[in-house]
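Reader: I have a new model open and would like to learn how to read it feature by feature. Could you walk me through it?

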Amino acid sequence: MEQNSFPPEKEEFQRTTLLKVLLVLSFIGSSWSMFSGLGNALSQPSEERLTSIIEILDEVNDGKEETELILSQMIEYVSNINQNIVNYGAVQFMLYAISLIGIYLMYKNRRLGFTIYMTVQVLLLGVPIYFGGYNSISVMVSLFMGFITMIFFALYATQLKYMDA
């Protein structure tokens with residue numbers, strides 16, 4: 001006797017290996033960053049943390065003029081982030097939480113998840129510049145993040161043909 005379920009069960013979507021790997025990596029990275037952002041949002045600016053970072057950077061300083069400029073910009077960047085740590089963390093938490101929604105939707109075979117995930121990743125590129133101030137260090141951080149984002153964008157784009165609209 002054949003049993004029919006009502007409503008009929010939808011066939012399970014078979015994800016490609018690449019899509020599985022991308023989803024796992026994205027989930028781990030976004031989860032880690034979301035909880036890191038929550039930790040930052042719940043912390044307060046710390047003079048000890050700033051002082052210890054400045055001491056480390058001073059130890060690296062070799063007295064050259066080029067090094068002095070870079071180190072001063074690093075100190076400025078870290079100082080700005082430290083002063084805005086609560087807002088910086090809250091924005092990170094919120095954006096990475098939305099990113100996880102996009103990842104879940106992609107896991108459920110929805111292209112909308114790709115749009116959400118990539119939009120959040122692009123917004124995250126501006127966070128270091130907005131909270132760290134506009135200098136070469138914050139731009140380099142954003143460029144590095146942009147490079148990683150472009151790789152994920154390209155790899156996810158190859159998987160869109162397997163997702164429903």
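Reader: Let's start with Arg15: is it buried or exposed?

Author: This is a predicted model, so keep that in mind throughout. The general idea is to compare the relative accessible area with a cut-off: under 20% means buried. Arg15 has a relative accessible area of 15%, so it counts as buried.

Reader: Where is Arg15 placed, and which residues does it touch beyond its sequence neighbours?

Author: Arg15 sits in the segment before helix 1. Leaving aside residues up to four places away in sequence, Arg15 touches Lys20, Leu23 and Tyr107. There is also a long-range pairing to look at: Arg15 and Met163 are 148 residues apart in sequence, while their C-alpha atoms are 9.0 Å apart in space.

Reader: Nice. How many helices and strands does the protein have?

Author: Here you read off the secondary structure and then its order. The protein has seven helices and zero strands, and from the N terminus on the elements run α-α-α-α-α-α-α.

Reader: What percentage of the contacts with a separation of 6 or more is between residues 24 or more positions apart?

Author: That share is 77% in this protein. A single pair can illustrate the separation of sequence and space: Gly29 and Tyr96 are 67 residues apart along the chain, and their C-alpha atoms are separated by 9.0 Å. Gly29 lies in helix 1, residues 17-41, and is partly exposed at 31% relative accessibility.

Reader: And for the protein as a whole, what percentage of the residues count as buried?

Author: Of the 165 residues, 36% count as buried. For the surface, the accessible area comes to about 10800 Å², with 65% of that belonging to carbon and sulfur atoms.

Reader: As a chemist I look for nonpolar patches. Which residues form the one on this surface?

Author: For a patch, look at its members first and then at the element that supplies them. The nonpolar patch is formed by Leu18, Phe144, Phe147, Ile148, Ile151 and Leu155, which together have about 530 Å² of accessible area. Helix 7, residues 136-157, gives the largest share, five residues.

Reader: Why can Ile151 pass the accessibility condition for a patch?

Author: A patch residue needs over 30% relative accessible area. Ile151 is found in helix 7 and is partly exposed at 36%, so it passes that condition.

Reader: Is Ser142, also placed in helix 7, buried or exposed?

Author: Ser142 is buried, with a relative accessible area of 9%. Its contacts, not counting residues up to four places away in sequence, are with Leu125, Pro128 and Ile129.

Reader: What about charge: which residues form the negative surface patch?

Author: The members are Glu55, Asp58, Glu59, Glu65, Glu66 and Glu68. The elements giving two or more residues to this patch are helix 2 (47-60) and helix 3 (65-83). Take Glu65 as a case: it lies in helix 3 and is exposed, with a relative accessible area of 68%.

Reader: One last feature, the backbone angles. Which residue has a positive phi although it is not a glycine?

Author: That is Asn109, with a phi of about 70 degrees. Asn109 is in the loop between helix 4 (85-107) and helix 5 (111-124). Despite its place in a loop, Asn109 is buried, with a relative accessible area of 6%.

Definitions and conventions: Residues numbered from 1 in each chain as written. Predicted model: local features only at pLDDT ≥ 70, side-chain atom pairs only at ≥ 80, totals over all residues. Heavy atoms only, no water. Patch = residues over 30% accessible without salt bridge, like charges linked within 9 Å, V, L, I, M, F, W, Y side chains within 5 Å. Areas by Shrake-Rupley, 256 points an atom, 1.4 Å probe, with all protein chains shown as cover. Salt bridge = Lys/Arg side-chain N within 4 Å of Asp/Glu carboxyl O. Helix = DSSP H or I, 4+ residues; strand = E, 2+ residues; numbered from the N terminus. Buried < 20%, exposed > 50% of the residue type's maximum accessible area, 1.4 Å probe, protein only. Lys, Arg positive; Asp, Glu negative; His and termini not counted. Charge placed at Lys NZ, Arg CZ, Asp CG, Glu CD. Contact = heavy atoms within 4.5 Å.
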